[in-house]
Amino acid sequence: MSTDISSLVEAAFQGDWSPLIEESRNAPGKHWAEEARCANQDINLFVPLGDGPREDPEIVKHKLGVSLNRPRNLCASCPLSVAARCLVESLRDDDEFGIRAGLLASERSALRAAWQGRVNEEAVQAALHGSTTVLSRLERNAVIARFTGEPSFEPATVARGLGVTHEYLLKLVRRHRQKSQSVSAASSSVHSADAA
Ligand code: SF4
């Protein structure tokens, strides 16, 4: 059975993100966008007016009709690994607008919500052990929380797993501690008020 971007998206909707993420890793490194079919095209084609994350995709498709054919045909002819990378990057950046991998912004919103809610323990463990992997915001937060609470993790390894510098990792840890302190301070004042 041949794989296409729709089957990768379908698997992701079912909760299996691995095929999409694995395929995105086959894209040619930092220069993956050079292989994209939209390279050197008018970018406005890919950001149709009237489409957005809160629109109904069926109404958008009905309203915009043939003007969507060109960008969607370009996406359909994009190398599979590049289309997968394009979609994964848009999810990671929480990119709300524009067509990615042939999906309108309105069609992607459910997938974005699923991505943001994703917490895969394997991905968290991989990052803690230095493997660069694609993380949702919740997974990234989990890595920082575990690293903050567990001094045996090697900072350089975790920084590599998160794709950040050592200095930036320490900044994330400080921010995490401040946030946890303010949450626990707020919680104790609620308990004191309840007890009064
Ligand atoms: S899938 Fe992404 S990279 Fe490929 S043509 Fe479409 S928008 Fe461009």
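**Exercise 1. The shell around the ligand**

Work out which helices each supply at least two residues of the shell around the ligand in this predicted model, and describe the classes of the residues in that shell.

*Solution.* Begin with the helices: α4 (69-76) and α5 each supply at least two residues of the shell around the ligand. Next, look at the shares, where the largest one, 3 residues, comes from α5. Then turn to single residues: of the 13 residues around the ligand, the ones that come nearest are Ala36, Cys38, Cys75, Cys78 and Cys86. Finally, sort the shell by class, which gives 11 nonpolar and 2 charged residues, with no polar residue among them.

**Exercise 2. The fold as a whole**

Find how many helices and how many strands the protein has, and state what share of its residues is buried.

*Solution.* Counting the elements gives 10 helices and 0 strands, and the pattern read along the sequence is accordingly written α-α-α-α-α-α-α-α-α-α. For the overall dimensions, take the principal axes, along which the C-alpha atoms fill a box of roughly 65 × 40 × 30 Å. The buried share comes next: of the 196 residues in the protein, 26% are buried. As a last step, consider the contacts with a separation of 6 or more, of which 58% are between residues 24 or more positions apart.

**Exercise 3. Two domains and their contact**

Determine how far apart the C-alpha centres of domain 1 and domain 2 lie, and say which helices each supply at least two residues of the side of domain 1 that touches domain 2.

*Solution.* First set the bounds, with domain 1 covering residues 5-116 and domain 2 covering residues 121-195. The C-alpha centres of these two domains are 30 Å apart. Their contact takes 5 residues from domain 1 and 4 residues from domain 2. On the side of domain 1 that touches domain 2, α5 (80-92) and α6 (105-116) each supply at least two residues. The residues on this side of domain 1 are 3 nonpolar, 1 polar and 1 charged.

**Exercise 4. The packing of α7 and α9**

Decide whether α7 is roughly parallel, roughly antiparallel, roughly perpendicular or oblique to α9.

*Solution.* Take the geometry first: helix α7 (residues 121-128) packs against helix α9 (residues 155-162) at an angle of about 130 degrees, and their axes are 7 Å apart. Angles over 145 degrees would count as roughly antiparallel and those from 65 to 115 as roughly perpendicular, so α7 is oblique to α9. The residues that make the contact are Ala126, Ala127 and Leu128 of α7, together with Val158, Gly161 and Leu162 of α9. Sorted by class, the contact of α7 with α9 has 5 nonpolar residues, 1 polar residue and no charged one.

**Exercise 5. Three loop residues**

For Pro48, Asn40 and Ala101, decide whether the residue is buried or exposed.

*Solution.* The test is a count: 20 or more other C-beta atoms within 10 Å make a residue buried, and 12 or fewer make it exposed.

- Pro48, in the loop between α2 (18-25) and α3 (57-64), has 20 other C-beta atoms within 10 Å and is therefore buried. Leaving aside neighbours within four places in sequence, Pro48 is in contact with Leu64, Ser67 and Leu68.
- Asn40 is placed in the loop between α2 and α3, and with 8 other C-beta atoms within 10 Å, Asn40 is exposed. Its phi is near 70 degrees, a positive value in a residue other than glycine.
- Ala101 lies in the loop between α5 and α6, and because 24 other C-beta atoms are within 10 Å, Ala101 is buried. Ala101 is not a glycine, yet its phi is positive, at about 50 degrees.

Conventions
Residues numbered from 1 in each chain as written. Predicted model: local features only at pLDDT ≥ 70, side-chain atom pairs only at ≥ 80, totals over all residues. Domains from an automatic or database assignment. Contact = placed C-beta atoms within 7 Å. Helix = DSSP H or I, 4+ residues; strand = E, 2+ residues; numbered from the N terminus. Nonpolar A, V, L, I, M, F, W, Y, C, P; charged D, E, K, R; others polar. Near = placed C-beta within 6 Å. Axes fitted to C-alpha atoms, helices over the stretch in contact; angles between N-to-C directions. Parallel < 35°, antiparallel > 145°, perpendicular 65-115°, else oblique.
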